[in-house]
Amino acid sequence: MQLSEQELRRRHEREELEKMGINPYPSETFEVTATAKEIKENFDKEKNNYQEVTLAGRLMSRRVMGKASFAELMDSSGRIQIYVSRDDIAPGENKDMYNTVFKKMLDIGDFIGIKGYAFVTQVGEISVHVTELKVLTKSLRPLPIVKREIDEQGNEIVHDGFTDPELRYRQRYVDLIVNPHVRETFRKRTQLVNSMRQYLTNQGYLEVETPILQPLYGGAAARPFKTHHNTLDMTLYLRIANELYLKRLIVGGFDGVFEFAKDFRNEGMSRFHNPEFTQVELYVAYKDYNWMMDLVEEMVEKVAMDLHGTTEVKVGENIINFQRPWKRFTMFEAIEHFTKIDISEMEEPELRQTAEKLGIKVDPKLGKGKIIDEIFGETCEPYLIQPTFITDYPVEMSPLAKKHRDKPGLVERFEAICNGKEICNAFSELNDPIDQRARFEEQLELGKRGDTEAMVLDEDFLRALEYGMPPTAGLGIGIDRLSMIMTNSHSIQDVLFFPQMKPERREE
């Protein structure tokens, strides 16, 4: 491994600290009593509070001025200025702690622990006067130097920022250190999940866990990742959805179950797709898709309020309003609205011709349902910016949804589209085992035609339905996509701590 000059110097400093009897990686607990944010928000000069505090974090800047220095400490809550005096941290005759350790052996990025008291500098900045200093971790790689300044209008100007997307996603740990707004994005994502979990739990639904390794993949139209169990000598698949297992629990007697699930689909990557993604799926007995639309509106409106204090969220150049009620179109109404073409009575050959007229290339292997989906995806979806429900899909597109009670050839299904992308999918769930078997068999025929995303036939799931599943409404919401919208993030990689990346190219 070839090391830079700075890396060699830091390794030398590590050795010198050890020679001085200072462990650069001590084991014992360092008790922290306050954070940078707490002190900056709550320090009161009149109350003279925070007079005995301990903080820990990274050293992020340093201005040495002889016998005293100003520096900046960053913990998980933010940054605070610290004042380090030689005679305070080295009160005896031996001044090595200041003259050697602080001035020469510490670098930007090192972790230190400090004890001291809060005060206000002459220029009015809340700071901590350090009385004790302890080395907690010596960093051996230099951080990217990001320079920040405030212009005359009070705006922050960033120079030499750590902005290259590939580096940021590959080295997320560095991204989180030098770009504090990234940490805020992930805090909001966690807040989003907690908001939804609280809502569903308060409704009385049970949070459960279902298998990730499955002998058959099902519950969605997607290609799976395949693996092998050595002891059982059998092929297993990483789940593409948890739908069929959650429905088994409804068969078993639970009235409402949900799961925040990691799912895996062996498909292309883009700014909207990652092979590993998170969704929440919910199944509630004795309900239908109309009831589920109301629930989605209420829950997502609550998420917006919990995260932003308003139903209006800025996404790119758009202001998206999640206030109920949302607009509703049937799928055929939406296609006719945007193309002026009614495709509701068309069969496969005419649908192919219509797609060609609209400039949409359709794979010859795809059946009627997938062609309709392609037409909708190209002509409608990108233009649905405000949250909109698209309902009543062709039966060929939805092998797990119940046939429409009033409209032959359609199923009781909806998707919520927002900012031009699907954020959720829901059905009145198919609970007729005879109809479900026929749908699976149709999927097998599509697979024979070359549709690599066609579903497989799951005999155990059919057996469960034969024992009887009550009328049920089901829902899946993509957490990653909803997080993109709620945090105004351009790419799915911006809301995943560690997105999938191509192998890193390394110098020989």
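Two strands pair if DSSP finds at least two bridges between them. I kept that in mind while going through this predicted model.

**Entry 1: the β1, β2, β3 stretch**

I began with strand β1 (residues 53-65), which pairs with β2 in the antiparallel sense over seven bridges. For the register I looked up Ser61 and found it opposite Glu72 in β2. The two strands make a hairpin with two residues between them. Gly66 sits in that turn, and I noted its positive phi of about 70°.

Next I went to the other partner of β2. Strand β3 (residues 78-85) and β2 pair in the antiparallel sense over eight bridges. Here Ala71 stands opposite Ile82 in β3. β2 and β3 also form a hairpin, with two residues between them.

How many of the eight residues of strand β2 are buried? I got seven, so β2 (residues 68-75) is largely enclosed by the rest of the structure. A reminder to myself: side chains in a regular strand alternate between the two faces of the sheet.

**Entry 2: salt bridges**

My search of the whole structure turned up 46 salt bridges. I picked a few to look at.

Lys19 bridges to Glu16, with the closest N and O atoms 3.3 Å apart. Both are in helix α1 (residues 5-19), and because they are three residues apart, about one helical turn separates them. Lys19 is exposed, at a relative accessible area of 65%.

Then I took Arg197 and Glu207, whose closest N and O atoms are 2.8 Å apart in their salt bridge. This pair links distant parts of the chain, 10 residues apart: Arg197 is in helix α7 (residues 180-202) and Glu207 in strand β8 (residues 206-207). Arg197 is partly exposed at 27% relative accessible area, and Glu207 is partly exposed at 35%.

Third on my list was Arg239 with Asp263, a side-chain salt bridge at 3.1 Å, N to O. Arg239 is in the loop between β11 (234-238) and α8 (243-251), while Asp263 is in strand β12 (residues 256-264), so the pair ties together parts that are 24 residues apart in sequence. Are these two buried or exposed? Both Arg239 and Asp263 come out buried.

I also jotted down a network of salt bridges that links Arg9, Glu13, Asp107, Asp110 and Lys138.

**Entry 3: the annotated glutamates**

Which residues does UniProt give the feature "binding site"? The record, an unreviewed entry, places it at Glu415 and Glu422.

I found Glu415 in strand β18 (residues 410-418). Its relative accessible area is 6%, so Glu415 is buried. Leaving aside neighbours within four places in sequence, Glu415 is in contact with Thr388, Phe389, Ile390, Tyr393, Glu422, Cys424 and Asn425. So the other annotated glutamate, Glu422, is among the contacts of Glu415.

Glu422 is in strand β19 (residues 421-428). At 27% relative accessibility I logged Glu422 as partly exposed. With the same sequence neighbours left out, Glu422 is in contact with Glu381, Glu415, Ala416, Ile417 and Arg481.

**Entry 4: Thr391**

Last, I checked Thr391, which lies in strand β17 (residues 388-394). Its relative accessibility is 9%, and since buried means under 20%, Thr391 counts as buried. Beyond its neighbours within four places in sequence, I listed its contacts as Tyr289, Met293, Phe329, Thr330, Met331, Arg413 and Phe414.

Note on methods
Residues numbered from 1 in each chain as written. Predicted model: local features only at pLDDT ≥ 70, side-chain atom pairs only at ≥ 80, totals over all residues. Heavy atoms only, no water. Helix = DSSP H or I, 4+ residues; strand = E, 2+ residues; numbered from the N terminus. Buried < 20%, exposed > 50% of the residue type's maximum accessible area, 1.4 Å probe, protein only. Contact = heavy atoms within 4.5 Å. Salt bridge = Lys/Arg side-chain N within 4 Å of Asp/Glu carboxyl O. UniProt positions renumbered as here; feature names shortened; annotations may be inferred.
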